[in-house]
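Visitor: I'm new to this one and would like to be shown around. Could you explain the reasoning as we go?

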Amino acid sequence: MFQLTDIPRLLPEILLLVLALLVLGSDILERWGRTPAAQLERVKSSASLTAIGLGMVLFVALLQSGYIYRLPETAPVNFFTNIIRNLQSGGPGGEPIAGAFATDHLTMIARLLIIGAALVTSLLCLDVRPSAHPGEFYALIIFSTLGMCLMVGANEFLLAYLAIELTSIPLYLLAGYFRNDPRSAEAGLKYFLFGAISSAILLYGMSLAFGAALNGVGSATNFNDLTRFDRIGTFTASSGGLITLAMLFIVAGMGYKLAVVPFHSWSPDVYEGAPTPITAFISTASKAAGFILLFRLLTKTFPAMTGSPTLDTAGGWTAVLAVLALLTVVIGNLAALPQTNVKRLLAYSSIAHAGFVVLGLLAWAAAQPFDREQGLTALLYYLFIYSLTNLGAFGALALIGQQTGGDDLTHLRGLSRRNLPLALLFTVCILSLAGIPPLGGFFAKFYIFMVGWQSGATWLVVIAVVMTIVSLYYYLRLLKAMFIEPATDLTPVSLPRGIGAALAIAVVGVLVLGIFPNLILSVLERV
Amino acid sequence: MDWLTILIIVIQCFVITLAVTTAFAYLTLFERRILARLQNRVGPNRAGPAGLLQPAADAVKLFFKEDIVPAMADKPVYLLAPAVAVIPALIIWAVIPFGCLNLNWDYQACYDPARTNLWNILQITDLNIGVLYVLAVTSIGVYGITLAGWASNNKYSMLGGIRSSAQLISYELALGCAVLSVVMTYGTLSTHEIVTQQQGGLWGIIPQLLGFVLYMIAATAEVVRAPFDLVEAEQELTGGYNTEYGSMKFALFFMAEYIKLIAVSALAVTFFFGGWHFPGLDILGREVTALAGPVAGSIVFGIVSLGAFLLKVVVFLFISVWVRASWPRLRYDRLMDLGWKWLLPVGLLNLVYTTVVIILIPDRVVHSWVLFGLGAITIAIAIGFNRTPKPIDNVTLVKDIQLPN
Amino acid sequence: MELILFLITALIAIVGAVAMLVSRNAVHSALFLLLNFAAIAVLFLLLQAPFLFTIQLTVYAGAIMVLFLFVVMLLGAEKVEDTPDRIAWQQPLALLLGLALLVVSVVVGLGGATNPPPESEALIQFSDPRTLGALLFTDYLLPFEVTGFILLIAVIGVVVLNQRGRKI
Amino acid sequence: MLANYAIVGIFLVAAISFPLIPLVLAFFLRPKRPTPLKTSTYECGLEAIGDVHVQFKVQYYLYALAFVIFDIEVIFLYPWAVAFQVVGLYGLIAATIFLLMLFAGLLYEWRKGALEWV
């Protein structure tokens, strides 16, 4: 049942909804002129409203979580402290709407990550010009963000599924937004088809789990009820084929969403065809939300089916994930090697990174609770760093693509002479993706390897390390193109303020969190 | 269920189907006669006394007509379409209560919303989702027309079919909204309960005046009657979707349309005019029961309630014919505008009124009249807004042209 | 009795689905799909879910299939043309894998049904639309609202994908 | 409960047999003398020209899409309509948000000109 105390707990989501309606409304209710100047103003107003609004929502979410500042109990009672107190009453803990949504630390942190990523994306979009329907472009980004926020907190099958749809449908539209560009249209269609099929598979898995939990009274879609009544909590891989099938379907369905090999085939085409800021958004926020939902689904629905990643007889979902991680890391990195299109290359690199993130999930198989928590912390840290880095890389690429007219490796040539700051910012992101110390990417990888090792998947960690070294080759190819290869065109590339700010946020984040990981780890460890 | 019950049910089903088809046959006569009167003609009066055998004569003619299947048609679909058109029109009747003849011989059970001890022979069955069933069946009704238009492989048929299916789906929304407001007022989806709740003269039209107006417009469009009969706009589309249909197949389309018209009128009576209720009906039931026992009581009650129901339906049918005689056909863009820009928003507004008023004022009588007032005001405002737009005038009239001297 | 009804309906549903796949004419495919939807609606009825029965009819059969037919008719795309399949090995492989999945599912489904089915009284109580409505607005409030958001996005999608920003 | 639907099933059988009986009867009674001219497609009495698949307005399709969406929304309100006196004020708020989405969608289509028959 809905209660008044649920409102502060769901405040960021409510604000996102209001913001989306505001962006949409301000666009359709205003009478815009037909002149190019008026159209430009129309785009600008929607874009800045989105950026400012997302900034404010991020601020509220940050204040609400209490990670930066927690109102002391002894604070004097006045207008401002009352606001903050009410806000922070929706802080970590609690399950609003009859347990359908969990606002624990995990949700709080993931929400910050997602809204932050959306904010950076909207900054990147400040300088992208949708050909038609500019208002909807930004509203869809916000709706998708809302979906991701619901996804990370979803504590129930139906909500989880609907949140995935709420995330994906705007992304399908955004990926195919430039209908006159055949590659964008192709991206939209491919993304939609794969997304629809994978949703069906996921839903099938969910209904199998629901059915497996069925008993004389009925069944439940809520994760708490599923486990609380021991309906499903006691199931192991050996006790029921049905539940194993359910688990496999859920892993496969989520695997599509996360672009894990062998469910990855859509992702390079979509990443390449979609507008680059949207690619940045898809590859970071939606992936992060997907991983957190996968974590919740697996640990809450199949707690007794963990198994072990050492591929012994125990089976379980960690074994499945270990195989997927192996395939993902190997194929993702190897397929990235021959790419000549930078967006495709980064797409394969994203696939490979998803493989590393899966290592964090494997830690759940560890015996000690401490190691499991370490696994989750490492996973979150990796997601944070990876999101920042990828946003930076794709952001820089968006600018390069916009100003040089393409995103092939050849277009990168001589970038250091055309705009050195941009080249340097891009370099930092690339190096962080490659895992070069002292950048964030290095520590994130180190941490996740450590966790994977403790979980018993030593063989996997060894392969992952080898593949990291392989990946250096294609990352360095990007640097070589920028700094060493001669430029064909020496016209300077300008750095607009929006993208500049986004890149700065990303690079500073990667540097600071890489050098002082404790800044964020202290928060992440609360999970 | 024992065998006797099942037998009674089977007989009931066939009798009601037969009754409905007969009603269709005589509706055509009714319409032709009334239209003729309204146009100062006489109408068919030769076959039988006052033309009463005319429908039979028509049927005989249709049976012996040669049936032509166009060579280009998609044969299976072409043959399937008329049946697909008729079946939904018939099965809507499953949930409509035409009266209340309780076979458990207790007329008072008719007033019981819970249906305990009720075995109403004048309603095929009462579903707990009856209203939704009606909507579901209506939504299936689109197929007959669409498929007929496609399968004929004729340009007129295709245009007529697509036009009419666009019209049907557009007005289905308004219809859904109007019916939803009725459901909200009575808090139930069962048609029997809706009727029993209208006992005591507080008929559905009072709380749902607006809903009634919306329903009538949307329903008239749903059954493609004048002034919404663009499907058969003879001047532009010859016969519309049934251009290529002849003999019995054409008759089936014709039948589907008229049966739907009767069904829609019957539903209007059920939702807004108290169903089979009639002032003094319960007194009659009580007196006859006291006089001649419960069996006679419920039989008399049943027959009188059926008569009351039929009377109301006939009034609606008459209005429909009257409208057909008086109003010109709408233009297609106006038709779409009316559905999407008037009926749907007003329908949603009506939902908001209904909920808010019912939650704020729990008393039945008071909120009914408040809703009546709100509905009347809304209709007045809507009519005020809807001035006939100026015709787009880009034709230079002759008198404006300066003739060279 | 119910088992027989279930088997017949399930058979009709499967036949409809398969016929839809193999039919070469898109309108015929749509009609077979309609048959499938109707059979599934009846299956819902057998599961004591009359509300879903009507939704299945109204939304799937009455709205979505009409849309399908519209698209097919508007594009004039009834006839499937025989274009050479560039990746011909996919089809047999897909059939094989699908069959494998079917076998696994059947084996698992037959072996895994150890739990007793729910009491029919619980089901009947749930079949009342009032109970359903109350649940939708209490326990399942959030999914319900999210559905509303998704539908709004669908409206946006319709406009964005269909129009080139003609008006405003 | 299923008994009620069984009755609907019986009625459905009756309803299916009703159009079939006259069709079958007419099949035996009527004359059958098709000629190529009789079975050719009707078009103003002239030879039919061209394919049936003339270009249709995309507007038909837009209306159908909009219909699907709004139909789902209206259907979703039905369970609430029967339960709204039970779920009370919170239910009203929840349904208001849902209705707001419906209104927003309609307003959006209207302003964007998707409901224009031009």
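**A walk through the model**

Guide: Let's start with B:Val224, which counts as buried because it has 22 C-beta neighbours inside 10 Å. The cut-off for that label is 20 or more.

Visitor: Where does B:Val224 sit?

Guide: Look in the loop between H8 and H9 of chain B. B:Val224 also has a positive phi, about 40 degrees, although it is not a glycine.

Visitor: What makes B:Asn153 count as buried?

Guide: Again it's a matter of neighbours: B:Asn153 has 20 C-beta neighbours inside 10 Å. Since the label asks for 20 or more, B:Asn153 counts as buried. You'll find B:Asn153 in the loop between H5 and H6 of chain B. Its phi is positive too, near 60 degrees, in a residue other than glycine.

Visitor: How sure can I be about what I'm looking at?

Guide: Keep in mind that this is a predicted model. For the complex, the predictor gives an ipTM of 0.90 and a pTM of 0.91. Chain B has a mean pLDDT of 84, with 93% of its residues at 70 or more. Chain C averages 82, and 83% of its residues score at least 70.

Visitor: Which helices of chain B have the lowest and the highest confidence?

Guide: The lowest is helix H9 (residues 234-237) of chain B, at a mean of 65, and the highest is helix H8 (residues 209-222) of chain B, at 91. In chain C, the low end is helix H5 (residues 120-127) of chain C, at a mean of 66, while helix H1 (residues 2-22) of chain C is highest at 91. Where pLDDT is low, the predicted coordinates should not be read in detail.

Visitor: Now chain A. What is its secondary structure made of?

Guide: Chain A comes to 23 helices and zero strands.

Visitor: Why is chain A called as compact as a globular protein of that length?

Guide: Compare two values. The radius of gyration of chain A is 22 Å, and the globule rule gives 24 Å for 527 residues; the two are close, so chain A is as compact as a globular protein of that length. Its C-alpha atoms fill a box of roughly 70 × 55 × 45 Å along the principal axes. Buried residues make up 61% of the 527 residues in chain A. Among contacts in chain A with a separation of 6 or more, 77% are between residues 24 or more positions apart.

Visitor: How do you know that the span of helix H8 (residues 157-175) of chain A agrees with what it should be?

Guide: At 1.5 Å a residue, its 19 residues should span 27 Å, and its end C-alpha atoms are 27 Å apart, so the two agree.

Visitor: And what makes H8(A) mostly covered?

Guide: The count does: 19 of its 19 residues are buried.

Visitor: Where are the cis peptide bonds in chain A?

Guide: One joins A:Val261 and A:Pro262, with omega about 10 degrees. A:Pro262 is in the loop between helix H11 (241-258) and helix H12 (266-273) of chain A. Another joins A:Pro437 and A:Pro438, with omega about 5 degrees. A:Pro438 lies in the loop between helix H19 (420-434) and helix H20 (440-454) of chain A.

Visitor: Which pair of chains shares the most contacts?

Guide: Chains B and D, out of five pairs of chains in contact. The contact takes 64 residues from chain B and 53 residues from chain D. On the side of chain B that touches chain D, H12(B) gives the most, with 13 residues. That side divides into 43 nonpolar, 12 polar and nine charged residues.

Visitor: How many residues of chain B are in contact with chain C?

Guide: 17 residues of chain B are in contact with 14 residues of chain C. H4(B) provides the largest share of the side of chain B that touches chain C, six residues. By class, that side has 13 nonpolar, four polar and no charged residues.

Visitor: How do you know that chain A and chain B do not touch?

Guide: A contact needs C-beta atoms within 7 Å. For chain A and chain B, the nearest C-alpha atoms are 17 Å apart, and the two chains do not touch.

Note on methods
Residues are numbered from 1 along each chain as its sequence is written. Chains are lettered from A and ligands numbered from 1 in the order in which they are written. This is a predicted model: local features need pLDDT of at least 70, side-chain atom pairs count only at pLDDT 80 or more; totals for chains, interfaces and linings use all residues. pLDDT is the predictor's confidence in each residue, from 0 to 100. Helices (H or I, at least four residues) and strands (E, at least two) are DSSP runs, numbered from the N terminus. Ala, Val, Leu, Ile, Met, Phe, Trp, Tyr, Cys and Pro count as nonpolar, Asp, Glu, Lys and Arg as charged, and the others, Gly among them, as polar. The expected span of a helix is 1.5 Å times one less than its number of residues. A residue is buried if 20 or more other C-beta atoms lie within 10 Å of its own, exposed if 12 or fewer, and partly exposed in between; C-beta atoms are placed from the backbone. The radius of gyration is taken over C-alpha atoms; the globule rule is 2.2 Å times the number of residues to the power 0.38.
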